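Reader: I would like a close look at one part of this model, followed outward into its surroundings. Keep it brisk, and say what kind of model it is.

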Amino acid sequence: MPETLRYAGIVGVGAYAPQRVLTNEDLERMVETSNEWIVERTGIRERRIAAPEQASSDLALAAAREALAQAGVAPEDLDLVIVATNSPDMFFPATACLVQDALGARRAGAFDVSAGCTGFIYALSIGSQFIMTGAAEKVLVAGADSLSKMVNWEDRGTCILFGDAAGAVVLEPVPEGYGVLSFSLRADGSGGPLLTLPAGGSRLPASHETVDRRLHTIHMQGREIFKFAVRVMGEVALEVLRKAGVGPDRVGCLIPHQANLRIIEAAAKRLGLGMDRVFVNLDRYGNTSAASIPVALKEALDGGYIRPGDYVVMVAFGTGLTWGGALVRWLPEARGRAAGVAPAGGQNELPGQDSPP
Ligand code: ACO
């Protein structure tokens, strides 16, 4: 082990969203709701839905390939594959093992992280520490979810919110003062009942009765989650800034979990940040759970919202209850693209690059 800690940074980012678009108008034909209600209460206009044969590992794989190509890292050089997900392909094996195998990351360990929509922040902080301590040189961290498979499509309180996607980053040692500068991971399990998928586990194994009662789908007390999220998002953002001794005025870009525009606006207000420094793409994807932050990060980078050397704050909340944040100082120059490494061809189906069937 090295005597001093190293800095861990993001050297490649990838994202993938399935082709099928489900609009608010489509939902109007499925449940008693309206485009106006959804836009006004959430900011969401459309979301992507995975194909029947697409599982979370398939989404993660596409995002991972793009992140590796951008970083110029070969799969066989990875030491670790971590996948944050709430919709694993199955209980076991871990989705990360499926991704590890499909990538051909022969030398890598692999495991999943279950921390609700905060999963990517948890996984990023775990992966970073492997780099910081010298225990790993190259780590892939993905956030992937296909909650459309677990939603009750007759429950207007939840089915309008979620979309499917995956995002991934590659972590490596970076120069001092760059990369992950601080993070904060929090949980309050007493709030667990507010957002659950009750059946299918060891508490309530799957049965005809659990299926009849729709206990294998998402159950949520939206208003309570909303109040919790408004309280913790700004708080945890300020906490990671305080830990690193960076003032909110120096934040170049806030990448919040994309659940609800009103929650995001409240967090920005708490930080004193104008919305011009807050990246929002939930109008096009809805809440993609553990994928939401890396997908937003990828689009923020591609759109020029993050410049070399910027301080970037990522914050999330989710089932558990969990919440957390990370402060990252972006590298002085982009890797991968600067070195002429092209993203994986044909993998990415983010908007602007394809149209729905
Ligand atoms: N269309 C029309 N009306 C609706 C809909 C809908 N889709 N959904 C609920 N309503 C109705 C309710 O029935 C209620 O009617 P009532 O007053 O007659 O009882 C009314 O609208 C208001 O309902 P509220 O729940 O108070 O609405 P609210 O403004 O809180 O918005 C929402 C609901 C959008 C769910 C909001 O509470 C929210 O975003 N909460 C956070 C949810 C979240 O982010 N969950 C994910 C966590 S991350 C993870 O780990 C997966």
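Author: Helices here are DSSP runs of H or I with at least four residues, and strands are E runs of at least two; both are numbered from the N terminus. The model is predicted. Start at S289. S289 lies in the loop between helix 10 (282-285) and helix 11 (292-302). Its phi is near 60°. That is a positive value in a residue other than glycine. Is S289 buried or exposed? Buried means under 20% relative accessible area. S289 stands at 2%, so it counts as buried.

Compare a second residue with such a phi. R214 also has phi near 60°, a positive value in a residue other than glycine. R214 sits in the loop between helix 7 (208-212) and strand 10 (219-220). The label for partly exposed covers the range between 20% and 50%. R214 has 31% relative accessibility, so it counts as partly exposed.

Now go on to the helix that follows the S289 loop. That loop leads to helix 11. What does helix 11 pack on? First, the sheet itself. Its 4 strands run in the order 8-13-12-11. The sheet is open, and the pairing is mixed. Strand 8 (179-187) and strand 11 (251-256) stand at the edges. Each has a single partner strand, so one side of each is left without a neighbour in the sheet. From one strand to the next, the twist averages 10°. Strand 11 pairs with strand 12 in the parallel sense, over 5 bridges. One pair of bridge partners is V251 and Y311, the latter in strand 12. Helix 11 packs on this sheet and touches both strand 11 and strand 12. The direction of helix 11 makes about 140° with that of strand 11.

Strand 12 also borders a loop worth a look. The loop between strand 12 (311-318) and strand 13 (322-329) holds L321. A cis peptide bond joins G320 and L321, with omega about -10°. Another cis peptide bond joins F92 and P93, with omega about 5°. P93 is in the loop between strand 4 (80-84) and helix 4 (95-103).

Next, the wider frame. The domain assignment gives domain 1 (7-174) and domain 2 (180-329). Their C-alpha centres lie 14 Å apart. Domain 1 puts 53 residues into the contact, and domain 2 puts in 46. About 3800 Å² is buried between the domains, and carbon and sulfur atoms give 67% of that area. Which residues of domain 1 lose the most area to domain 2? They are C117, I121 and Y122, which together account for 16% of what that side buries.

Two of these names lead to helix 5. I121 and Y122 are among its buried residues. So are G119 and F120 before them, and A123, L124 and S125 after them. G127, S128, I131 and M132 complete the buried set. In total, 11 of its 15 residues are buried, and helix 5 is mostly covered. Does its length fit or fail to fit the expected span? At 1.5 Å a residue, the 15 residues of helix 5 (residues 119-133) should span 21 Å. Its end C-alpha atoms are 21 Å apart, which agrees. After helix 5 comes G134, whose phi is positive, near 90°.

Methods. Residues are numbered from 1 along each chain as its sequence is written. This is a predicted model: local features need pLDDT of at least 70, side-chain atom pairs count only at pLDDT 80 or more; totals for chains, interfaces and linings use all residues. Side-chain values use heavy atoms; hydrogens and water are left out. The expected span of a helix is 1.5 Å times one less than its number of residues. Buried means under 20% relative accessible area, exposed over 50%, partly exposed in between (1.4 Å probe, protein chains only). Two strands pair if DSSP finds at least two bridges between them. Axes are lines fitted to C-alpha atoms, for helices over the stretch in contact, and angles run from 0 to 180 degrees between N-to-C directions. Contact means heavy atoms within 4.5 Å. Domain bounds come from an automatic or database domain assignment. Buried area is the accessible area (1.4 Å probe) that two parts lose on being put together, summed over both.
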